[in-house]
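Welcome! Here is a short briefing to help you find your way around this structure. Keep the view open as you read.

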Amino acid sequence: MFYHFKIHNDSDGFWAECLELDGCQTQADTLIDLQENMKEVLNLFLSEPQESRLIFPLPLTKTPKLKGVVKVQVEPSVAFSFLMRMTRIQKKLTLKQMAKKLNYKSINTYAKLKKAKTANPELRTIANIKNVFSDFPINLILAS
């Protein structure tokens, strides 16, 4: 999953803003540092607490033809966690209801999937999620 940042240059160095995520910005003295900062701020921004009801917009499907726009990849575990949270909120499910729908005996099993730091699903888990939620956008995580 890629989001798009517009890079700006000013007298103090460089700064960038995410086109899809209002308020997701960063700055740096060099372009190399800015690249790292864009990845970091994007992943932190999308790692909204699971209790939040906020749904961020999905990335644009095509890179805008603007000068200074770059694609920044979301860490797969962050993307997966973000999409799980988005699906749960869109379906109006509680954490407990989501765990039950996925046939987990414990909410703690589901809790590992909802946190970016521990989200590392097996293929059968992904298949189960796609079976239960046919509209789960797994292709966004795998997009290049």
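Two strands count as paired if DSSP finds at least two bridges between them. With that in mind, look at tyrosine 3, which stands opposite valine 72 in E4. Please note that this is a predicted model. The protein chain has six helices and four strands, and from the N terminus on its elements run β-β-β-α-β-α-α-α-α-α.

**The chain as a whole**

- The C-alpha atoms of the protein chain fit a box of roughly 55 × 25 × 25 Å along the principal axes.
- Among the 144 residues of the protein chain, 40% count as buried.
- The protein chain exposes an accessible surface of about 8,900 Å², and 53% of this belongs to carbon and sulfur atoms.
- If you take the contacts in the protein chain with a separation of 6 or more, 60% of them come from residues 24 or more positions apart.
- There are 21 positive and 14 negative side chains in the protein chain, and the centres of the two sets are 16 Å apart.

**The sheet**

- In general, the strands of a sheet pair through backbone hydrogen bonds, either parallel or antiparallel.
- Here four strands make an open sheet in the order E3-E2-E1-E4, with antiparallel pairing.
- Strand E3 (25-28) and strand E4 (69-73) are the edge strands, each pairing on one side only.
- On average, neighbouring strands of this sheet are turned by 30 degrees against each other, direction ignored.
- Helix H1 (residues 31-46) packs on the sheet and touches E1, strand E2 (13-18), E3 and E4. The direction of H1 makes about 155 degrees with that of E3.
- Strand E1 (residues 2-10) pairs with E4 in the antiparallel sense over five bridges.

**Strands E2 and E3**

- E2 and E3 run antiparallel and are joined by four bridges.
- Alanine 16 stands opposite threonine 26 in E3.
- The hairpin of E2 and E3 has six residues between the strands, and glycine 23 in this hairpin takes a positive phi near 95 degrees.
- In a regular strand, side chains alternate between the two faces of the sheet.
- Which side chains of E3 point to one face and are buried? They are Thr26 and Ala28, while Gln25 and Gln27 point to the other face and are not buried.

**Two loops beside the strands**

- Aspartate 12 sits in the loop between E1 and E2. Is aspartate 12 buried or exposed? Its relative accessible area is 66%, so aspartate 12 is exposed, the cut-off being over 50%.
- Along the chain, aspartate 12 and glutamine 27 are 15 residues apart, and their C-alpha atoms are separated by 9.3 Å.
- Glycine 68 belongs to the loop between H1 and E4. Glycine 68 counts as partly exposed because its relative accessibility is 32%, which falls between the 20% and 50% limits.
- Which residues does glycine 68 contact, leaving aside its neighbours within four places in sequence? They are Phe5, Lys6 and Ile7.
- The C-alpha atoms of glycine 68 and phenylalanine 5 are separated by 8.1 Å, although the two residues are 63 residues apart along the chain.

**Around the later helices**

- Threonine 87 is part of helix H2 (residues 76-90). Threonine 87 counts as buried because its relative accessibility is 4%, and buried means under 20%.
- Leaving aside neighbours within four places in sequence, threonine 87 is in contact with Met98, Phe133 and Phe136.
- Lysine 92 lies in the loop between H2 and helix H3 (95-101). The phi of lysine 92 is near 60 degrees, a positive value in a residue other than glycine.
- At 68% relative accessibility, lysine 92 is over the 50% cut-off and therefore counts as exposed.
- Asparagine 103 is found in the loop between H3 and helix H4 (107-114). Asparagine 103 is not a glycine, yet its phi is positive, at about 70 degrees.
- With 67% relative accessibility, asparagine 103 also counts as exposed, because exposed means over 50%.

Terms used:
Residues numbered from 1 in each chain as written. Predicted model: local features only at pLDDT ≥ 70, side-chain atom pairs only at ≥ 80, totals over all residues. Heavy atoms only, no water. Axes fitted to C-alpha atoms, helices over the stretch in contact; angles between N-to-C directions. Contact = heavy atoms within 4.5 Å. Buried < 20%, exposed > 50% of the residue type's maximum accessible area, 1.4 Å probe, protein only. Areas by Shrake-Rupley, 256 points an atom, 1.4 Å probe, with all protein chains shown as cover. Lys, Arg positive; Asp, Glu negative; His and termini not counted. Charge placed at Lys NZ, Arg CZ, Asp CG, Glu CD.
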